[in-house]
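Visitor: I should like a close look at the open spaces of this protein, above all the pocket that is given as the largest. Which residues line the largest pocket, and which residues surround the ligand?

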Amino acid sequence: MTIAGIDPSGGAGVLADIRTFAAFGCFGTAAVTSLTFQNTTGVFGAEHQSADCVRAQAQHVIDDMGIDALKTGMLPTFEVIEETEHLITSNKLRNIVVDPVVRSTSGYDLIDSKALRALIRMLFPLADLVTPNIPEAERITGISIENSTDMAAAAEIMRSFGARNVLIKGGHGATILVDGGRKVARDYLYLGTDLVELDADYIETSATHGTGCTLASAIAANMALGKGILESSRVAKNYVNAAIGTPTGLGKGNSPIGFPRRFVGEAK
Ligand code: PLP
């Protein structure tokens with residue numbers, strides 16, 4: 001299940017999550033936290049859903065079908081975050097991937113400051129994995145991340161907020177490195193205090209809409225299939241890299257990443 005926002009253009013949010021679950025042979029379900037109005041050029045507004053609305057969407061599905069993993073994305077308000085915490089604890093949900101969505105690439109705030117503090121306090125301790133990108137990790141920790149020492153400090157702060165495992169995603173700033181002439185996007189996966197570096201070729205493109213949602217969903221799908229966090233993160237990184245490498249070319253702005261069909265069923 002994904003608890004996240006709808007991006008009607010299909011690039012990010014629930015539609016990207018469900019597409020990704022399907023790519024790994026998982027049957028996706030969803031509770032929508034916000035109807036956003038956006039396309040590849042930007043986000044124009046949003047209608048956030050109430051806690052009751054989110055609970056009703058999720059609880060009937062959980063009661064009837066059960067779920068093997070949960071990915072959370074855009075959780076725009078304190079009430080929705082509190083409800084998500086309640087859904088996780090009261091249903092004893094497992095394989096929880098929390099993508100701490102803060103702001104769209106185009107600069108639209110997808111969560112308010114009070115809600116972000118609640119997300120950290122209530123959901124970090126329940127997550128098996130938290131997946132910030134560099135701007136999100138900087139906003140959450142209040143430190144500026146310029147190198148691997150800063151990265152470790154940021155991970156340590158997030159651990160002090162209760163996050164057991166943290167994946168700081170590659171693709172921004174200090175995560176883009178040159179390794180023997182090869183440009184790589186490095187993900188920093190902190191499993192407790194152990195660091196595992198996950199590298200992929202850096203692809204020079206602005207067509208990256210949906211990468212964060214897709215990565216977190218691919219990890220959750222693989223965890224639903226019984227893989228551990230490390231293996232799920234490796235498979236997910238390869239999937240996202242293949243998706244960036246097969247761009248849709250849609251829209252006039254930051255177009256959505258593709259849907260690399262060769263991955264379908266590969267996780268089995
Ligand atoms: N819209 C929704 C519903 C999202 O969940 C997200 C990110 O998670 C975004 C927009 C932002 O995507 P991007 O940073 O690619 O603009």
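Guide: Helices (H or I, at least four residues) and strands (E, at least two) are here DSSP runs, numbered from the N terminus. The model is a predicted one, in which local features need pLDDT of at least 70 and side-chain atom pairs count only at pLDDT 80 or more, while totals for chains, interfaces and linings use all residues. Residues are numbered from 1 along each chain as its sequence is written, and side-chain values use heavy atoms, with hydrogens and water left out.

The spaces were sought on a 1 Å grid over the protein atoms alone: a cavity is a set of points where a 1.4 Å probe fits but cannot get out, and a pocket is an open set with protein on both sides within 12 Å along at least five of seven lines. Lining residues have an atom within 4 Å of a point. Grid points are joined across faces, edges and corners, and a volume is the space filled by probe spheres set on the points.

The largest pocket has a volume of about 1200 Å³. Its lining consists of 50 residues, and those nearest the centre are Thr105, Asn133, Thr208, Thr211 and Gly212. At least two lining residues come from each of β1 (2–6), β2 (30–39), β3 (42–48), α5 (134–141), β9 (182–191), β10 (194–201), α7 (211–224) and α8 (229–244). For the classes, Ala, Val, Leu, Ile, Met, Phe, Trp, Tyr, Cys and Pro count as nonpolar, Asp, Glu, Lys and Arg as charged, and the others, Gly among them, as polar. On that basis the lining of the largest pocket holds 24 polar, 17 nonpolar and nine charged residues.

Thr105 also appears in the surroundings of the ligand, where a residue is near if one of its heavy atoms lies within 4 Å. The residues there are Gly5, Ala12, Gly13, Gln38, Met74, Val101, Ser104, Thr105, Leu110, His209, Gly210 and Cys213. Some of them make polar contacts, meaning pairs of N or O atoms within 3.5 Å; within protein, one must be able to donate a hydrogen and the other to accept it, and residues adjacent in sequence count only if both atoms are side-chain atoms. A side-chain N or O atom of Thr105 is 2.6 Å from an oxygen atom of the ligand, and for the side chain of His209 the distance to a ligand oxygen is 2.8 Å. Gly210 takes part through a backbone N or O atom, 3.4 Å from an oxygen of the ligand.

Cys213, another residue around the ligand, is buried, with a relative accessible area of 13% (buried is under 20%, exposed over 50%, partly exposed in between, with a 1.4 Å probe and protein chains only). Its sulfur is too far for a bond, because the closest cysteine sulfur, in Cys26, is 17 Å away. A disulfide is a pair of cysteine sulfur atoms within 2.5 Å, and the count is zero.

Cys26 lies, with Met1, Phe27, Ile67 and Asp68, nearest the centre of the second largest pocket, which is lined by 15 residues. This pocket holds about 260 Å³ of space. Its lining has 11 nonpolar, three polar and one charged residues, and α7 contributes the most, three residues.

One cavity of 30 Å³ or more is counted, with a volume of about 40 Å³. Its lining is formed by Ala16, Arg19, Thr20, Thr214, Tyr239, Ile257, Gly258 and Phe259.
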